[in-house]
Amino acid sequence: MTEELYYTSAYFTEFLAEVLECRKIDDSRGDKGFISKTGDDKTNACLYEVVLDRTAFFPEQGGQSSDIGILEYEDGGVKANVLHTRIENEKGVQIFHVADREIPVGTRVHGVIDWKHRFSNMQQHTGEHIFSGLVHSTFGYDNVGFHLSDSEVTMDYNGVLDQDDISKLEMMANQAIWDNLEVICEFPEEKELANIPYRSKKELEGDVRIVTIPGVDICACCAPHVNKTGEIGILKVVGLQNYKGGVRVNILCGKRALEYISAEHKIVSQLSGMLTTSADNVVSSVKRAFDDISGLKVEVSKAKEALIEYEVEELCKDIENEGKEDIFVVKDDSFDSNMMRKFVNALALRFSGYCGVYAGSSEKGYRFIIASGTAGKDCKVLCDELRQKFGAKGGGTPAMVQGSLSCKDINEVTNAIIKNMYNLE
């Protein structure tokens, strides 16, 4: 069994221990998952699971990521990085430290916790207890899901919360933080435990660790927590979405929250400078800009349609004396699909044969839309020819087809089609 020092104090950052077991992680034994948790994607990575007689490394459990750090030995001359920690309870408590170096059994090691990582997790987890406790006491909802990683904290509740509810809960949670309440972590006796109204996502047996924040929350939990709520600093809700009939809430606490708010503030400051307005007017200024853009898009669309009509009329004048019934027009890549369709429709009203528009370049390839003119030619026959001779992709109906193709010279394609046009039917 491994003695769990993190239950003695969440603030233990160093400890001495003896190696009881060390085994190489073997993919054939199904250990690949442990390698992936370390972030090491090398296929031949040599990683080892080290079991100690005592440890302050908190293993991944209860929805929280594990501690990381180092194991030193030979008077600090050799260091093994602890990349992940996991727990097994089948034969008593066994905690496995995933290390990047083999350590001989019987070696005395000096464990050092990555305190920044540990303390950040403590801030997030205690913050989650405060928020979930307030959700439960205010709305009666249960926390039915929890995940704490190095980048996010998510909580799932079995009831609906709107943005006003979240704003209220966020302020209440921060008030509990600023009140600097004591966080009490203990293992009550069985008789005492029976009378404690604690929250828990599942039925628990044996020793149950209870984390109490007076007046805010009582919850069963195995993880390290801060001693006082003031150590959390600040709690910020950064996400809310409907989830499985309830909601999923994302929060950040402490340094993570400050970094998030700082990044948001930087964005607002940049927008404020770009729009030459104060930060509190950024939203209204952006809305006006969007309204202006929408208006300009309408004007540009009308201008493009008028230009298309003008261009089609000019094409009709140029081709009228040549007696041609099929027409293909090439445009650059900026000619969008909507304009292509309008152009083709306008051509199809004036020409009897195939009416097509290509848009693109020899480097990027071409998009095409081809419609049947007043004579009702079958566009699918033409599309088959494009696929067979030029590797085009696409399809459609006898009245209209669309797709894409790659070629060095689009004129070669159009010339080949025109040359064989009357052999297609």
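Visitor: How many bridges join E9 to strand E10?

Guide: This is a predicted model. Strand E10 covers residues 153-157 and runs antiparallel to E9. One pair across them is Phe 146 and its bridge partner in E10, Met 155. The number of bridges joining E9 to E10 is five.

Visitor: Which strands stand at the edges of the open sheet?

Guide: The open sheet has four strands in the order E9-E10-E15-E14, with antiparallel pairing. An edge strand has a single partner strand, so one side of it is left without a neighbour in the sheet. The strands at the edges are E9 (143-148) and E14.

Visitor: What is the average twist from one strand to the next in that sheet?

Guide: The order to follow is E9-E10-E15-E14. Going from one strand to the next, the twist averages 20 degrees.

Visitor: Which strands does helix H2 touch?

Guide: Helix H2 spans residues 115-139 and packs on the open sheet. Its direction makes about 140 degrees with that of E15, the strand at 246-253. The strands touched by H2 are E9, E10, E14 and E15.

Visitor: At what angle to E14 does H3 run?

Guide: Helix H3 holds residues 163-178. H3 lies across two strands, E14 and E15. Relative to E14, H3 runs at about 145 degrees.

Visitor: How far apart in sequence are the parts that Lys 236 and Glu 170 tie together?

Guide: Lys 236 forms a salt bridge with Glu 170, and their closest N and O atoms are 3.5 Å apart. Lys 236 lies in strand E14 (residues 235-243) and Glu 170 in helix H3, so the pair ties together parts separated in sequence by 66 residues.

Visitor: Is Glu 170 buried or exposed?

Guide: Its partner Lys 236 counts as partly exposed, at 28% relative accessibility. Glu 170 has a relative accessible area of 17%. The cut-off for buried is under 20%. Glu 170 is therefore buried.

Visitor: What is the strand order in the closed barrel?

Guide: The barrel has six strands, and their pairing is antiparallel. Neighbouring strands are turned by 45 degrees against each other on average, direction ignored. One pairing is that of strand E5 (residues 69-73) with strand E6 (residues 78-88), joined by five bridges. The barrel order is E2-E3-E7-E6-E5-E8.

Visitor: Which residue in E6 is the bridge partner of Glu 72?

Guide: Glu 72 is buried, at 15% relative accessible area. The side chain of Glu 72 also meets that of Lys 79 in a salt bridge, 3.7 Å from N to O. Lys 79 is partly exposed, with 46% relative accessibility. In E6, the bridge partner of Glu 72 is Lys 79.

Visitor: What separates Asp 291 and Lys 287 along helix H6?

Guide: These two form a salt bridge, with the closest N and O atoms 3.4 Å apart. Asp 291 is partly exposed at 43%, and Lys 287 counts as exposed at 54%. They are four residues apart in H6 (residues 282-320), so the separation is about one helical turn.

Visitor: Which residues do salt bridges with shared partners join into one network?

Guide: The structure holds 21 salt bridges. Some share partners and make one network. The joined residues are Arg 23, Glu 49, Arg 86 and Glu 88.

Visitor: Which residues form a nonpolar patch on the surface?

Guide: Together they have about 300 Å² of accessible area. One of them, Leu 271, sits in helix H5 (residues 254-275). Leu 271 is partly exposed, at 31% relative accessible area. The patch is formed by Ile 267, Leu 271 and Met 274.

Technical notes:
Residues numbered from 1 in each chain as written. Predicted model: local features only at pLDDT ≥ 70, side-chain atom pairs only at ≥ 80, totals over all residues. Heavy atoms only, no water. Patch = residues over 30% accessible without salt bridge, like charges linked within 9 Å, V, L, I, M, F, W, Y side chains within 5 Å. Areas by Shrake-Rupley, 256 points an atom, 1.4 Å probe, with all protein chains shown as cover. Salt bridge = Lys/Arg side-chain N within 4 Å of Asp/Glu carboxyl O. Buried < 20%, exposed > 50% of the residue type's maximum accessible area, 1.4 Å probe, protein only. Pairing = 2+ DSSP bridges. Axes fitted to C-alpha atoms, helices over the stretch in contact; angles between N-to-C directions. Contact = heavy atoms within 4.5 Å.
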